[in-house]
Amino acid sequence: MVKMKGSILALLLVLALSLSGCTRGSTGIVVSGSTTVEPIAEVAGEDYHKAHPEVSVLVSGLGSSAGIEAVGITKTADIGTSSRSLKDEEKKLGLTVIPIAHDGIAVVVNPANTVTNLQLNDLRDIYAGKITNWNEVGGPDEPIVLVNRDESSGTRDAFTSFVMGDTPFSLDAVVLPGTGQVREVISRTKGAIGYISEGFVNKQVRALNINGIPPSPANIASNKYPLSRSLYFLARADISPEAQGYIDYVLSDAIQQGPVRDAGYLPVTGGER
Amino acid sequence: MAPRLPLRQQDDSLRAPDLAETTPQYKKAELIMVSRATQIKERALLLLFFLCAIVAVLGVVLIFAFVAVKAVPLFKEIGFLNFIAGTKWSVAKEQFGVVPFIVGSVVVTVGALAIGAPLAILTALFLSEVAGPKARAVIRPAVELLAGIPSVVYGFFGVTVVAPIISRVFGGAGFGPLTAWIVLSIMIVPTIAMLSEDALDSIPMGIREASFAMGATPWQTIYKVVLPAAKIGIIDAAILGMGRAIGETMAVLMIVGNAPQMFAGLTKPISTLTSQIVLGMGYSSGAFRTALFGMAALLFLISMALVLIVRLLSHTDREA
């Protein structure tokens, strides 16, 4: 055990050294903000650095609010990232808002379940533990088995803000640390309900309509589907050409059809507002 | 053993001295006559052994100090009572009561021990008292191999095999204490079985022979003579198995359900200290992180207590 910890530390040290080696002697772009956007920005940053060795991209995940502050107020970042649209006071900062991906959260059940639609407030009551049987929402007499994500999950964050608000989750839910596991458990449990990014829905599970609206790509891109949001890059007017190059790269097919889709998000077809 | 020449009379100074024989009477004076190179080599090697031994001690001290220091703000940020006696855990609401996890860890561990210990002790008895050389040659490596399986594989087995069966029989998603008991009890079998077997093997043959001579059957010999004689060693083994169960993380994380609620039933998801630490460690900060270190310190104290019990028991065993 002691030895294992030692070797992990050594590994981290090597990793840190090699990472710091990368940034030497090149222009740095600082991208900070949403932890949801972080993985995409990071992959894009590494690829961009490979194509343009003179530019290196430093990505950090501090949360959307901190990202907006970093680019708009303290100016410690070249690009801010956010998984929510700007609040009124943040709009006054004069930042350019660039959507880089659309994210829809699908509420999924076992394919054998006969329920096809849930009202948003019923969904909330289910996850709060107030509705415990499918027959209360027009389904068969089958106890509802709640499947939740762990608190570090960005999907859970989004689900909380779309559905739960201030209502606490039922504690009786199984907490699983990954999308794949959620799908797996729902596919073999008749009464189970869970939520995953729309891009990860496959034949193992069936996505429900919410308020009668199916989680189709079109409905998510237009934010018509109630559990949808967009991910944004935020930039100041005095953006450097290097940072602009990086943004263009993130909006190109290489990232949009690759890492964005891999993360379960929908690509944007470009465009500043 | 044949008497050996003292070191100083050997002309071949490059020859490594037999440590097992020289160490007990090891004196500086004996080394003076050998070449300087050998002296340095000797000293260097002994120093190396010492350093290796000290690494383990340093490791324990440093890790404990690290965990303790990180956990200290707990008293101010959360409050010791809110932490150790609180029953509500919610990161969003900054409630960090760990009672549900302590209960979860205890439930999971005790259940695993209740299933795993008899299984392991009977295995050890079979290997030590009953099995012929052929059966032993098959079973013993199998048990040892069980110890070498990575815990994530056990977890995977639990998720894909045990949980679906539990789900079909009892309803729910199949995650909870029952699933954890089944998987963990298999995981702790090798620890307990191997140590118990050592304890049984250390019982002198003469005791068994005396028992047989009195007309006792093999079973009577086992439970009236051998088992009582090896009792302390077997209890030691069970406690070490318990330590493995309570510290097990990956497999438990995958099968216990991780719901931060109080134990309410064998098939209701619960959470343990270890699984909760892993789930939270990656993204925690502030009071949350402090709470996780507090939980780690708690685990550390529990395993320290277990080791202490083993030491005390072994001690009384030697005295008796």
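**Strand E6 of chain A, and chain B at its contact**

In this predicted model, Val145(A) finds its bridge partner in E8(A), namely Ala192(A). That pairing belongs to a set of two bridges that join E6(A) to strand E8 (residues 192-197) of chain A, and the two strands run parallel. On E6(A) there is also a pairing with strand E7 (residues 174-176) of chain A, again parallel, this time through three bridges. Here Asn148(A) has Val175(A) of E7(A) as its bridge partner. The route from E6(A) to E7(A) passes through helix H6 (residues 154-164) of chain A, giving a β-α-β crossover that is right-handed.

How well is E6(A) covered on its two faces? Val145(A), Val147(A) and Arg149(A) sit on one side, Leu146(A) and Asn148(A) on the other, and all of them are buried. This is the alternation to look for, since in a regular strand the side chains alternate between the two faces of the sheet. Strand E6 (residues 145-149) of chain A is largely enclosed by the rest of the structure, because five of its five residues are buried.

Turning to chain B, the model has 15 helices and two strands there. Of the 320 residues in chain B, 33% are buried. Among the contacts in chain B with a separation of 6 or more, 71% are between residues 24 or more positions apart. The average pLDDT of chain B is 87, and 89% of the residues score at least 70. Some caution is welcome for residues 1-14 of chain B, where pLDDT stays under 50 and the model has twelve contacts beyond four places in sequence. For the model as a whole, the scores are ipTM 0.75 and pTM 0.76.

Two helices of chain B are worth a closer look. H3(B) has 36 residues, which at 1.5 Å a residue should span 52 Å, and this agrees with the 51 Å between its end C-alpha atoms. The helix is hardly covered, with a count of one buried residue among the 36. Helix H7 (residues 133-148) of chain B has 16 residues and reaches 23 Å from its first C-alpha to its last, close to the 22 Å expected. None of the 16 residues of H7(B) is buried, so this helix lies largely in the open.

Lys70(B) gives a local view of helix H3 of chain B, in which it lies. Is Lys70(B) buried or partly exposed? It counts as partly exposed, because it has 16 C-beta neighbours inside 10 Å, while a buried residue would need 20 or more. Beyond its neighbours within four places in sequence, Lys70(B) is in contact with Thr290(B) and Phe293(B). The C-alpha atom of Lys70(B) is also 7.8 Å from that of Gly294(B), although the two residues are 224 apart along the chain.

The two chains meet in a contact that takes 18 residues from chain A and 20 residues from chain B. On the side of chain B that touches chain A, helix H3 (36-71) and helix H8 (151-170) each supply at least two residues. The largest share, three residues, comes from H3(B). By character, the residues on this side of chain B divide into eleven nonpolar, eight polar and one charged. H3(B) thus appears both as a helix that is hardly covered and as the source of the largest share of that side of chain B.

Terms used: Residues numbered from 1 in each chain as written. Chains lettered and ligands numbered in written order. Predicted model: local features only at pLDDT ≥ 70, side-chain atom pairs only at ≥ 80, totals over all residues. Contact = placed C-beta atoms within 7 Å. Helix = DSSP H or I, 4+ residues; strand = E, 2+ residues; numbered from the N terminus. Nonpolar A, V, L, I, M, F, W, Y, C, P; charged D, E, K, R; others polar. Expected span 1.5 Å × (residues − 1). Buried ≥ 20, exposed ≤ 12 C-beta atoms within 10 Å, placed from the backbone. pLDDT = per-residue confidence, 0-100. Pairing = 2+ DSSP bridges. Right-handed = clockwise from strand over helix to strand, strands pointing away.
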